[in-house]
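Colleague: Could you take a close look at the ligand site for me? Please walk through the pocket, the shell and the contacts, then place them beside the other voids.

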Amino acid sequence: EKGGHEFFMDKEIQEQPQAVEDTLRGHFDGTRIVLDEQRLGEDELRTIDKVFVVACGSSYHSGLVAKYAIEHWTRLPVEVELASEFRYRDPVLDRDTLVVAITQSGETADVLEAVRHARRQRARVLAVCNTNGSQIPRESDAVVYTHAGPEVGVASTKCFLAQITANLLVGLALAQARGTKYADEVAREYEALLEMPAAVAETLTLMDPVRQLGRDIADSKAVLFLGRHVGFPVALEGALKLKELAYMHAEGFAAGELKHGPIALVEDGLPVVVVTPSPKSQPLLHSKLLSNIREIQARGARTIVIGEEGDETIAPFADTLIELPRVPALLQPLVATVPLQILAAEIARTRGYDIDKPRNLAKSVTVE
Ligand code: F6R
């Protein structure tokens, strides 16, 4: 069933274009985004005045990615919070709050308790889930399913991309209901999402240098990941994948924080992965990232720069350059995460680990 792959995770990484495509399917009726019409219609969405996203691990990172788009599209404040923190706080919620609970398994204990916590305060709860009939969708007001198919590898890959996709659909549905975007703008954003399976597939064809890199740096003690804007949660996800799969110390940072501490970690030969935005669509952020790369290069880091195809400005600062197809700025995480998954898998493989079943981890965390 591994379809010729050594590990399920390799297969699941390759299935990501399909996961994104299947998650998009059926959510646009030709004029409007449709979420879960029966249980959370436009009338309910229209009165929402605040969004909380609760999740754990990779699912939490998918929520962080979506925050940028949802706030931009809807002008609603979006707070993304670890379920294990949210449930023990006294968050300010009421019936006009939408709580989006993102969970691949639908069974994560802290997310379930966060959902119950939210419902007790009359918030509306929307689950984004990959598992039909699981507990969290059952206890939510509505559900948007990610259609990634079963994920056997313990570390989340295709579910993560499907979650980002579903979260963005939630954002578009909110923008449409609130009228912060015209119908034709929503349709254009949806069309841009429809291009993403092909972009992810193209990214997968560009991964040979990443595998080579993974073999080259497999002996490193640590790897740092830097990003800004939507590249920041991608950096967090890259670091998490590396911890889980390769048992290597890894940290993701917002690149703007470099001078506030993390740069002290940079020493000769330390691999630092930098997720760089498009120079065309995000010129200001791009130039900030360039100076961050210069700073770490000057301190002897081994710079691994992930950037847009044809971006000639980054090449001189990259010891290794990893190119991504050009996609809209807010959608870049759907392609930028792929090399980080493959890097972690390749380092783990080189170290001789079972990437489907990392030590100490379970696929669903039903106890706290
Ligand atoms: C990371 C990973 C975990 C899960 C987390 C939440 O690769 O798989 O961090 O993302 O345990 O699980 P779900 O989404 O099932 O609630």
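Modeller: The ligand takes up the space of the largest pocket. Keep in mind that this is a predicted model. The pocket has a volume of about 520 Å³. Its lining counts 24 residues, and C56, G57, S58, K363 and V365 come closest to the centre. Four elements each give the lining at least two residues: α4, β3 (97-103), α6 (109-120) and α12. By class, the lining of this pocket splits into 11 nonpolar, 10 polar and 3 charged residues.

Now the ligand itself. Its shell holds 14 residues. S59, T103, Q104, S105 and T108 are the closest of them. Here the class split is 3 nonpolar, 9 polar and 2 charged. Two helices, α4 (57-74) and α12 (231-246), each bring at least two residues to the shell. The largest share comes from α4, with 3 residues.

Which atoms make the polar contacts? Start with S59: a polar atom of its side chain sits 2.6 Å from a ligand oxygen. At S58 the partner is in the backbone, where a polar atom lies 3.1 Å from an oxygen atom of the ligand. K241 uses its side chain, with an N or O atom 3.0 Å from an oxygen of the ligand. As for cover, the ligand taken alone exposes 400 Å², and the protein buries 91% of that.

Tie this back to the helices. S58 and S59 both fall within the range of α4, 57-74. K241 falls within α12, 231-246. Both helices also help line the pocket, each with at least two residues. S58 has a double part: it is among the residues closest to the pocket centre, and its backbone makes a contact with a ligand oxygen. S59 is among the closest residues to the ligand, and it makes its contact through the side chain.

Next, the other voids. The second largest pocket holds about 180 Å³ of space. Its lining consists of S220, K221, A222, L224, H249, L265, E267, D268, G269, L270 and P271. That lining divides into 5 nonpolar, 3 polar and 3 charged residues.

Then the cavities. Searching the whole structure gives 3 cavities of 30 Å³ or more. The second largest of the cavities has a volume of about 40 Å³. Around this cavity stand P277, S278, S281, Q282, E308, V327, A329 and Q332. In class terms, that is 3 nonpolar, 4 polar and 1 charged.

To return to the site you asked about: the ligand lies in the largest pocket, 91% of its exposed area is buried by the protein, and its oxygen atoms have polar partners in S58, S59 and K241.

Terms used. Residues are numbered from 1 along each chain as its sequence is written. This is a predicted model: local features need pLDDT of at least 70, side-chain atom pairs count only at pLDDT 80 or more; totals for chains, interfaces and linings use all residues. Side-chain values use heavy atoms; hydrogens and water are left out. A residue is near a molecule or strand if one of its heavy atoms lies within 4 Å of it. A polar contact is a pair of N or O atoms within 3.5 Å; within protein, one must be able to donate a hydrogen and the other to accept it, and residues adjacent in sequence count only if both atoms are side-chain atoms. Accessible areas come from the Shrake-Rupley method with a 1.4 Å probe; for residues, only the protein chains shown count as cover. On a 1 Å grid over the protein atoms alone, a cavity is a set of points where a 1.4 Å probe fits but cannot get out, and a pocket is an open set with protein on both sides within 12 Å along at least five of seven lines; lining residues have an atom within 4 Å of a point. A molecule sits in a cavity or pocket if more than half of its atoms lie within 2 Å of its grid points. Ala, Val, Leu, Ile, Met, Phe, Trp, Tyr, Cys and Pro count as nonpolar, Asp, Glu, Lys and Arg as charged, and the others, Gly among them, as polar. Grid points are joined across faces, edges and corners, and a volume is the space filled by probe spheres set on the points.
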